[in-house]
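Thanks for coming. I will take one structure today and go through its domains, its ligand site and its helix packing.

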Amino acid sequence: VTVTVDAAAPGIPVSPLMHGLFFEDINYGADGGLYAELVQNRSFEHADSFYAWGLVNRGADASAGISAETPLNPNNPHFLRLAVRDPGEGFGVANYGFGGIAVRAGENYLVSLRARAADGFSGALAVAIEDETGRVLGRCRIENIATAWTRRDAVIAVPPSSASRLPVPFTGTGRARLVVTADAAGTIDLDVISLFPENTWKQRPNGLRADLVQMLADMRPGFLRFPGGCIVEGSDLANAYRWKDTVGDIAARPENRNRWQHALHRDHAPQYYQSYGLGFFEYFQLCEDIGAAPVPVINCGMACQYQTGELVPLGELGPFVRDALDLVEFANGPVDSKWGGVRAAMGHPAPFNLKYLGIGNEQWGEPYFERYTVFHDALKAAHPEIVLITTSGPGVDDQWWRLAWDKFKAGTPAEIVDEHYYRPPAWFFAQADRYDRHDRAGPKVFAGEFAAHETDRRNTLRAALSEAAFMTGLLRNADVVTMAAYAPLFAKSGATQWAPDLVWFDHDRVYGTPSYHVQKAFSRHRPDRVLPTTLAVPPQPAPAYPGSAGVGTWHSRAEFKDFVITRGGRELFRADFAGGKQLAAWQTRGGAWAIRDGALRQENPDEPDVRALAVDGAWTDYTLSVKARKLGGE
Ligand code: AHR
């Protein structure tokens, strides 16, 4: 291979934001992951109020229940009530964290809780971290509980002699736990029972896991897109992400079920909630810490279209648009503005320097563009300095993607368009030239979510290489493509709803996949400009038959019985699914499929059905005939 670079040419400038991060609370990426809180269901707001909790009765005559009588706040109305007649050796509860609580020898753990005493309770709360055998690894006492709700803080020092690493598999039985017991008779109410390691990222209270943040910082990302992803949409509107729920006192941030609870679970079916302890203030702060431009995404008045598809009527979009406008004030406004004041009260009087805002996640069709236009007009009138990010839908090259780009061509205002690609490695290799022919006059492109998906959705070196190949095309077209991010970012081993992912972790270990190292290499070595380059490649040996190069996957909800490629009436390839043989690489150009005459066909027959990698290594148009059978009612 001979590479020739025109070093004298001016080249194309590459945006400092070219390589960044996409974060979503999926796979326990936030709660149970990046957010260092060790207690799960700390406010007793899960559908099963005692989820992740168990009772501890050491010879007591007592009962425990969930109450909502004069709660700490109306946002999280439930709390734990211990009614103790005889405390015995202690009565209370134990929290099992997110499949166990990981503690390290020689480290401090910060306990906080809200407590209220009644009926003459004058005892103390014993708080301990115990291993799965009941051995106490560290403890503290909280005394003089007031009769009004009061926040109490204490420290548990785990001595160096304790076990250095506990066996805490996510779904295992050997699990450490946080035990809170009362030692006297009376009534005691408890809420927001929390345990954090002292050693969070930058030692911040309500902080983030230092090892996970370090992985992100090491990438030197240009931006961080947050908080998702589909959780922005919610499975229904009640479940949608509303940033105002995620700022201020953590006790008053209303918990919300995680939309990924309803997704396919590989190996775990928990109640998965968003505590919002990692909220918009913390996201902005994280961006600042790791030098990434903040790219928040807000709900545009639409729930997930794959699920309920619930829509806010156009005439009732006001509160959603208000959220968007207020978010700009929260990030950038002066401290004497309402939302700038909230930011300042949380400890950050300086602005967060917000410049980009995503309107909706993967929305599509007319309902999206009707709503997008309302947001666009309101935001541009109030904040022309904010660059808006528009979505082209969940796929590329399908009918919704076409509709979006047709609209941009026809004048729908768009600055940056967010495109998502979850495709086989072969697609990524083949699409390295995707933007070479892109319309230079239209909006810029944000490759906002991408990952090469193997058939079994493992992270592989091949997938990472295909992403790298694709990214060379993004860079080469840096005049069109301004931002790009792999997705999803995090996966907690044993607790995933989605794979592949960039970074895997468990309670105390973290691992970067080959794709992580690709992203890191690109990000850390981002050029200021791209110079014209030509590549001379010697002739390659031809594969044995069309599509036999050996990489290929089929992502569909249909099960295929016949997969035949013909050209000029001559059969060139017949997939033998029984034998596991697959096409080398192919891509449809239409994307609108329907079942007609017993076969799956494209809706736009005037276009070639399929492009496939031919013997000579060139992409060629073929006719694809497919017979499909629907699976399991989908
Ligand atoms: O990255 C996982 C999901 O993929 C995101 O939530 C969504 O935007 C896309 O469908």
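**Domains, ligand shell and helix pairs**

The domain assignment splits the protein into domain 1, covering 12-33 + 202-535, domain 2, covering 53-199, and domain 3, covering 558-630. Please keep in mind that this is a predicted model.

Let me start with domains 1 and 2. Taken over C-alpha atoms, their centres are 36 Å apart. Each side puts residues into the contact: 17 residues from domain 1 and 17 residues from domain 2. On the domain 1 side, the residues that touch domain 2 are seven nonpolar, six polar and four charged.

Next, the ligand. Which residues come nearest to it? There are 13 residues around the ligand, and the nearest are Gly 229, Cys 230, Glu 362, Ala 487 and Pro 488. By class, the shell around the ligand has six nonpolar, four polar and three charged residues.

Some of those names come back when we turn to the backbone. As a reminder, most peptide bonds are trans, and most residues other than glycine have a negative phi. The bond from Gly 228 to Gly 229 is cis, and its omega is near 20°. Gly 229 sits in the loop between strand E14 (223-226) and helix H2 (230-233). A second cis bond joins Ala 487 to Pro 488, here with omega about -15°. Pro 488 is in the loop that runs between strand E22 (481-486) and strand E23 (490-492). So much for omega. On phi, Asp 397 is a residue other than glycine with a positive value, near 70°. Asp 397 is found in the loop between strand E19 (387-391) and helix H7 (399-410).

Now the helices. Two packed helices are described by the angle between their axes and the distance between the axes. I have three pairs, and two of them share H4.

The pair without H4 is H9, residues 461-476, with H10, residues 514-524: the axes are 8 Å apart, at an angle of about 25°. Why do we call H9 and H10 roughly parallel? Angles under 35 degrees count as roughly parallel, and H9 and H10 therefore fall in that class. Their crossing is right-handed. H9 brings Leu 461, Ala 463, Ala 464, Glu 467, Ala 468 and Met 471 to the contact, while H10 brings Pro 514, Ser 515, Val 518 and Phe 522. That contact of H9 with H10 has eight nonpolar residues, one polar and one charged.

On to H4, residues 318-332, and H6, residues 365-382. Their axes come within 10 Å and cross at roughly 35°, and the crossing is right-handed. In this contact, Val 321, Ala 324 and Leu 325 come from H4, and Val 374, Phe 375, Ala 378, Leu 379 and Ala 382 from H6. By class there are eight nonpolar residues, with no polar and no charged ones.

H4 also packs with H5, residues 338-345; the two axes come within 7 Å and cross at roughly 45°. H4 and H5 are therefore oblique to each other, and H4 passes H5 in a right-handed crossing. What does each helix put into this contact? From H4 we have Asp 326, Glu 329 and Phe 330, which meet Lys 338, Trp 339, Gly 340, Val 342 and Arg 343 in H5. The contact of H4 with H5 divides into three nonpolar, one polar and four charged residues.

To close on H4: its contact with H6 has no charged residues, whereas its contact with H5 has four. That is what I have for today.

Terms used
Residues numbered from 1 in each chain as written. Predicted model: local features only at pLDDT ≥ 70, side-chain atom pairs only at ≥ 80, totals over all residues. Domains from an automatic or database assignment. Contact = placed C-beta atoms within 7 Å. Nonpolar A, V, L, I, M, F, W, Y, C, P; charged D, E, K, R; others polar. Near = placed C-beta within 6 Å. Axes fitted to C-alpha atoms, helices over the stretch in contact; angles between N-to-C directions. Helix = DSSP H or I, 4+ residues; strand = E, 2+ residues; numbered from the N terminus. Parallel < 35°, antiparallel > 145°, perpendicular 65-115°, else oblique. Left-handed = near helix turned anticlockwise from the far one by under 90°.
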